[in-house]
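Hi,

Here is the structure I promised to send over. Have a look at it first, and my notes follow underneath.

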Amino acid sequence: MTRIEVPYDHEINRTLALLHRPGLLLAARDSQGRANAMTIGWGTLGIIWSLPIFSVLVRPSRYTYGLIEDAQAFSVNVPTRAMYDWVAVCGSRSGRDMDKFTEHHMAYTASEVADTITIDGALQTYECRVVHHNDVIPANLDAQVEANAYGGADYHRIYYGQILRVTAEETR
C-alpha cells in the first residue's frame, strides 16, 4: 500500500485505543544507525506550546532511552494486527540483547524529517523531534501511583516530541 501524509489527529481514537492494548511501537536510532523498537502503553498526544506533541515515557534502564538521548528524535508507530506478536517481543526483550528488526524480519525506513526511523507496514507513524523532556519527580507523585508504577526506582523520563509528520496506509 501507499503511505500518505495525514493530520496529526487522524484516527486518534484508534491510536489511543491501541496504546492501551496491545501497545504502540516507539522506535529510535542512535548516531551509529543502531535501531530499536520498544512497546509503549503510556503516552499521550495533543497540543502543547501551540505545537502538535506526542509525549512518551521511557525509563533510563531501557535501551531506547539512550537512543532517544543520542538522536533527540523518535517515532511512534501504530501496529497492524499482524504485528501484535512482534509488539509482544518488543515489550519483553531488550535491544541490548537482540536486533529485533533482523531477528523478526521487520523493516524500517529512515525518516526524512527527523533523526529517527519509522516501521514499515505500520498503520500510522508519528515522526517526532524532542522539544523538551523532564523526569518524573518521586516526591510529586501520588503515593498509590508511585507504589503501583515504580516501587521506589527507575522513574521515567517524559519526552515531548513535536510531531513533524504523520503518515498512514492509504485505504481505498
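What volume does the largest pocket have? It comes to about 370 Å³. Of the 19 residues that line this pocket, Met38, Thr39, Arg62, Cys90 and Gly91 are the closest to its centre. The elements giving two or more residues to that lining are β3 (35–40), α2 (63–71) and α3 (84–92), and β3 has the largest share with four residues. By class, the lining splits into six nonpolar, nine polar and four charged residues.

Before I go on, the ground rules. This is a predicted model, in which local features need pLDDT of at least 70 and side-chain atom pairs count only at pLDDT 80 or more, while totals for chains, interfaces and linings use all residues. Residues are numbered from 1 along each chain as its sequence is written, and side-chain values use heavy atoms, with hydrogens and water left out.

On the terms: a pocket is an open set of points on a 1 Å grid over the protein atoms alone, where a 1.4 Å probe fits and protein lies on both sides within 12 Å along at least five of seven lines; lining residues have an atom within 4 Å of a point. Points are joined across faces, edges and corners, and the volume is the space filled by probe spheres set on them. Helices (H or I, at least four residues) and strands (E, at least two) are DSSP runs, numbered from the N terminus. Ala, Val, Leu, Ile, Met, Phe, Trp, Tyr, Cys and Pro count as nonpolar, Asp, Glu, Lys and Arg as charged, and the others, Gly among them, as polar.

The second largest pocket holds about 190 Å³. Of its 13 lining residues, Arg3, Thr109, Thr118, Arg165 and Thr167 are the closest to the centre. Two or more residues each come from β7 (108–110), β8 (117–119), β9 (124–135) and β10 (157–169). This lining has two nonpolar, six polar and five charged residues.

Now the inside. The largest nonpolar core (buried Ala, Val, Leu, Ile, Met, Phe, Trp, Tyr and Cys joined through side-chain atoms within 4.5 Å) has 26 residues, and Leu26, Phe54, Val56, Phe74, Val76 and Tyr126 have the most contacts inside it. Another core, of 14 residues, lies apart from it and includes Leu25, Cys90, Met98 and Ala122. Buried here means under 20% relative accessible area, exposed over 50%, and partly exposed in between (1.4 Å probe, protein chains only).

Leaving aside neighbours within four places in sequence, Val76 is in contact (heavy atoms within 4.5 Å) with residues including Leu24, Ile40, Phe54 and Gln124. Ser75 lies in strand β6 and is buried, with a relative accessible area of 0%. With the same neighbours left aside, the contacts of Ser75 include Ala27, Thr116, Ile117 and Glu127. Its C-alpha atom is 8.7 Å from that of Gly161, 86 residues apart along the chain.

Last, helix α3. Its buried residues are Trp86, Val87, Val89 and Cys90. Seen down the axis, they fall within an arc of 160°, so they line one face of the helix; the arc is that of the directions from the helix axis to the C-beta atoms. The face turned away carries the exposed residues Asp85, Gly91 and Ser92. Among the elements covering the buried residues of α3 are β2, β3, α4 (100–103) and β8.

Cheers
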